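Colleague: Could you walk me through this model? I would like to go from the overall form down to the side chains.

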Amino acid sequence: MKKVEEKALVLSTLTSVILSFTVVIGAISFIILKIKQNREYKDKWKDYDECGV
């Protein structure tokens, strides 16, 4: 019985670590995507700032 409990604990811990990494990677990816989109948007409209539109 002890080995089954140890395997379950290891599996649970491993699953938690993997899910945590997934969430962190997703959050970082989202932030990078938003920064990139914001930069592209500003680059697109920077020429129109000079003409007063």
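Modeller: Happily; below we take the overall form, then the side-chain contacts, and we keep in mind that this is a predicted model.

Colleague: Good. How many helices and strands are there in the protein chain?

Modeller: The helix in question, H1, covers residues 2-51. As for the count in the protein chain, it comes to 1 helix and 0 strands.

Colleague: What radius of gyration does the protein chain have, next to that of a compact globule of 53 residues?

Modeller: Let's begin with the box that the C-alpha atoms fill, roughly 75 × 10 × 5 Å along the principal axes. A compact globule of 53 residues would come out near 10 Å, whereas the radius of gyration of the protein chain is 23 Å.

Colleague: What percentage of the 53 residues counts as buried?

Modeller: The accessible surface of the protein chain is about 5400 Å², and carbon and sulfur atoms account for 67% of that surface. To count as buried, a residue must have under 20% relative accessible area. Among the 53 residues, the buried share is 0%.

Colleague: On to the rings, then. Which residues form the aromatic cluster?

Modeller: There are 2 aromatic pairs in the structure. One of them joins Tyr41 and Trp45, with 6.4 Å from centre to centre and 55 degrees between the planes, a tilted pair. Trp45 also pairs with Tyr48, where the centres are 5.1 Å apart and the planes stand at 50 degrees, so this pair is tilted as well. The cluster is therefore made of Tyr41, Trp45 and Tyr48.

Colleague: Why are Tyr41 and Trp45 separated by about one helical turn?

Modeller: Both residues sit in helix H1, which spans residues 2-51. Trp45 and Tyr48 are likewise about one helical turn apart, because they are 3 residues apart in helix H1. For Tyr41 and Trp45, the reason is a spacing in the helix of 4 residues.

Colleague: Which residue of that cluster counts as exposed?

Modeller: The cut-off for exposed is over 50% relative accessible area. Trp45 has 36%, so this residue is partly exposed, and Tyr48 is partly exposed too, at 41%. With 53% relative accessibility, the exposed residue is Tyr41.

Colleague: And the charged side chains: what N to O distance does the salt bridge of Glu40 and Lys36 have?

Modeller: The structure holds 1 salt bridge. Its partners, Glu40 and Lys36, lie 4 residues apart in helix H1, about one turn of the helix. Glu40 has 46% relative accessibility and is therefore partly exposed. From N to O, the side chains of Glu40 and Lys36 meet at 3.9 Å.

Colleague: What accessible area do Val17, Phe21 and Ile25 have together?

Modeller: These three residues form a nonpolar patch on the surface. One of them, Ile25, lies in helix H1 and is exposed, because its relative accessible area is 53%. Together, Val17, Phe21 and Ile25 offer about 300 Å².

Colleague: Which residue has a backbone oxygen 2.8 Å from a polar atom of the side chain of Thr22?

Modeller: Thr22 belongs to helix H1 and is partly exposed, with a relative accessible area of 49%. The backbone oxygen that lies 2.8 Å from a polar atom of the Thr22 side chain is that of Ile18.

Colleague: Last one: what distance separates the C-alpha atoms of Ile28 and Tyr48?

Modeller: Ile28 lies in helix H1 and is partly exposed, at 46% relative accessibility. Elsewhere in the chain, the C-alpha atoms of Thr22 and Glu5, 17 residues apart along the sequence, are 26 Å from each other. For Ile28 and Tyr48, which are 20 residues apart along the chain, the C-alpha separation is 31 Å.

Key. Residues are numbered from 1 along each chain as its sequence is written. This is a predicted model: local features need pLDDT of at least 70, side-chain atom pairs count only at pLDDT 80 or more; totals for chains, interfaces and linings use all residues. Side-chain values use heavy atoms; hydrogens and water are left out. Rings of Phe, Tyr and Trp (its six-membered ring) pair if their centres lie within 6.5 Å; planes under 30 degrees apart count as stacked, over 60 as edge-to-face and the rest as tilted. Helices (H or I, at least four residues) and strands (E, at least two) are DSSP runs, numbered from the N terminus. Buried means under 20% relative accessible area, exposed over 50%, partly exposed in between (1.4 Å probe, protein chains only). A salt bridge is a side-chain nitrogen of Lys or Arg within 4 Å of a carboxyl oxygen of Asp or Glu. Patches are made of residues with over 30% relative accessible area and no salt bridge: like charges are joined within 9 Å, nonpolar side chains (Val, Leu, Ile, Met, Phe, Trp, Tyr) within 5 Å. Accessible areas come from the Shrake-Rupley method with a 1.4 Å probe; for residues, only the protein chains shown count as cover. A polar contact is a pair of N or O atoms within 3.5 Å; within protein, one must be able to donate a hydrogen and the other to accept it, and residues adjacent in sequence count only if both atoms are side-chain atoms. The radius of gyration is taken over C-alpha atoms; the globule rule is 2.2 Å times the number of residues to the power 0.38.
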